[in-house]
Each structure stands twice: as C-alpha cells, then as structure tokens.
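Open the model in your viewer and keep the selection tool at hand. The tour goes from the strands to the interior of the chain.

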Amino acid sequence: MLTGGPSSTESVNKGPFLADVAVVGAGPIGLAIAWRCAARGLRVVVHDPAPGSGASAVAAGMLSPVAEAYFGERQLTGLLLASAARWPAFADELTEASGVELGYRTEGTLLVGLTADDLAEARRLWAYQQGLGLPVTPLRPTELRDREPALAPRVRGGALASTDHQVDPRLLVPALRTAAQRAGAVLAPQAVRSLSDVDARVTVVAAGCGAAALTGLPVRPVKGQILRLRAPGGAAPGFRHVIRGYADGEQVYLVPRADGEVVLGATVEERSDTTVTAGAVLRLLRAGVDLLPELAEYDLVETVAGLRPGTPDNAPILGPLPARPDVLAATGHHRHGIVLTPITADLIADLVTTGVADPLLTPFHPGRFAAAGPDPTNAAGRLAGPGAADVGAPDRTTEEDLWS
C-alpha cells in the first residue's frame, strides 16, 4: 500500500508505474475513491468507457439506513448508519469542490401501509428497527396526512424515519467526476478486460457487476425496474417526503425532486437483462397511485431497468483480495451504493494511503466468501501478504443476535 504524507507521496511518484492508484469503474463509488485519493496527492487513473452509466443512472438516491435496516443485516445496518452520518459534510464538501448542487434533501421518509395486512407487515419491521434503537416514530393516519395531505385516505397508518434523506444520483455522478478531475485524477475511457492490463501500484475494482469477471468475487446482477414521472405544468410534486410503502403486498417507494420529477420503484429480480416489462410498470403504477392518487395525473417520462451488484449476504465487498494485497475490491453494494459512497471512499482511500484496514472493513472483506481462503487483514487490521492466516468468517448474525 501507499503511505500518506508529502515525503511518501514524493517517493511513490518516482516509481515505474503509470499511476499510484488505478480505479476500475466510474460510478459514484469509483469516482469518490478517485477524488479522495487524488486529493491526497496520489496519481490516480479511472478506467471506464462510460462513466456513470451503471446502476447509479437508474438509482433513486435514497439515503435510508433506517428504512432499509432488515432482519439479519446488523453489521450492514451499522455501516449504513455510519455512512449516512457522513453525508451532510460530504455533500457540502463535494458541492464546494465541484460547484454542482446534489439535490440533497432532508425532509425525511414516511413509511406507510395501505391495508391492515400491509400495516401489520410494516409494523413487524418497524418493531425490529426500533429494537435496534433506530429513530422510527409511529404515526396515526391523521398524523400522516398532516404531513402529506396527498396520501390516499385508505392508508391505514405509518411511521416517520426523520433521518433518512435523499440525493439525486444523476447530479451526484457529474459532481464527483468534476471534483476528481479538479483534484488531478485522469479518466481513461478504455474498458478493462483483465487486471493484468492495469499499470498501477494499487488497483481498486469498483466496477459493480463487472467486478465478478475481473476478480472472481460472487457479485451477481439483480435487476431493478423504475419509473420516472413528472408533475403536470412543471410544478413541484404534491408531496415533500420520500414515501416508502406497502400497497396490497407490493413494496414501492416514491422520491420527489424539486424540479417536479418523481422516481417510482423498484422491482427486485434475479435476472441479468435490462428489459422494461409491462407487468412491472403496471404493478409499480398501481401501487404508487394507490398510495398517492394524484400520480395518475402525472406525466410518465421514463421507464428504465438497471442491474444492482448483489452479493450472497447483501453486503458490500471491501478490501484486498485474498493473496492480492495490491488489488482492493469496492463493489457489491446492491441497493446501497449511493448511501455508502462517502464511507466506502474514505475507508478505501485510508487503506490505500496507510496500508491499515479500519475495523469497519472487517465484516466486509473479500475473503469471507472463500471456503478456506485467507483474510487479507491480520488480527491487528494490517494488510497481510499471501498466505495470511484465515481469521475471517461470513456474517452469520441472526434476528436474535445483539447488534452493535
């Protein structure tokens, strides 16, 4: 790894490599890592023939560590919370560095159930989230409509996750690209077919679903279809909060933008195509209109599908590959790539410059998926070379385990 500080930066710059750091993938994760590394004085090259064309081009941009705290994912929830806490400062810093507003909004998220069965299912999850000490505040139907009068009268109840915010990924990616380039990172528009083609001291693989072919890691595509609507007449949407709801068993979210756009999503399909299907559009529209009837009058301006990079345990893969300490994975973020952008960038940039893995990385190391593969960090959290002892294990937390 590269060590930080002016003197060490000067020494690595005299080496034979084209770059100190090569980042494969120019989505939010890759660009944020490139920005952080370049800002520390390292020579950074980002390889991607189509920056920002992956999952982030389809993402809704919800920063929802509370609403997306699910059973059996306590360690992931901890990482989501830690990253969401960094978002306000990250957004301010990025806006200053790029001159681009990110559409960052803090009204919070309303969690709603349309029918009695929907509400019962939602309450089960809310009780779990409250048991973790997360800020989920139950609301009666009248309290919901005091906050959002456009909600359907049929909505039986809900809750408020006040600390779950949003950002616009279609503004985030250009901002990160500008910030990274202003810090000195270079964008190379060529695709990387093999890591042997990359000329750098350290390679960071932030290629989303493409990481599987480059690294052999178990990253699979998880298809998601979403719709983009627009309020009539160029007006702002008739609601302010992000709304996540159950509607006759269908889970949907609605994300309002200041410019009148509403993002309605999303399907979760174990498929690798990006075809938009009539059935998915029908289900999403029906559920969205059931929760917010005024959506029936909105313009339908886009239907699109993307591929999330999923992993066997739904958690990201972060850190050195077993037996390849010069190759770092930053992939597998599944539904959480946008909210995890700040912490992923910070942790990977710290690892690149110091060679020391933050303890936050331990549950997410690539070696957890190897039957007998080595953990790339030793007990002290320092990078180990080939043959390091296997001290890692997959996250096997259950609903009964304590969360920390």
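Two strands count as paired if DSSP finds at least two bridges between them. The model on screen is predicted.

Begin with the whole chain, coloured by secondary structure: it has nine helices and 16 strands.

Next, select strands 5, 6, 4, 11, 12, 13, 10 and 14. In that order they make an open sheet of eight strands, with mixed pairing. Which strands lie at the edges? They are strand 5 (137-139) and strand 14 (299-310), each of which pairs on one side only. On average, neighbouring strands in this sheet are turned by 20 degrees against each other, direction ignored.

Now keep strand 10 (residues 220-230) and strand 13 (residues 261-265). Their pairing is antiparallel and runs over five bridges. Pick R228 and look across to V263 in strand 13, its bridge partner.

Leave the sheet and turn to the largest nonpolar core, which has 54 residues. Select V23, I33, V44, W87, L94, V204 and V352, the residues that touch the most other members. Among the elements that give two or more residues to this core are strand 1 (19-24), helix 2 (28-39), helix 3 (74-98) and helix 9 (341-354).

Zoom in on V23. Leaving aside residues up to four places away in sequence, V23 touches G30, I33, A34, V44, V45, V46, H47, V204 and A206.

Another core, of 27 residues, lies apart from the largest one; select V112, L229, A287 and Y298, which are among its members.

Finally, show the whole chain again: of its 404 residues, 54% are buried.

Terms used
Residues numbered from 1 in each chain as written. Predicted model: local features only at pLDDT ≥ 70, side-chain atom pairs only at ≥ 80, totals over all residues. Heavy atoms only, no water. Core = buried A, V, L, I, M, F, W, Y, C linked by side-chain atoms within 4.5 Å. Buried < 20%, exposed > 50% of the residue type's maximum accessible area, 1.4 Å probe, protein only. Helix = DSSP H or I, 4+ residues; strand = E, 2+ residues; numbered from the N terminus. Contact = heavy atoms within 4.5 Å. Axes fitted to C-alpha atoms, helices over the stretch in contact; angles between N-to-C directions.
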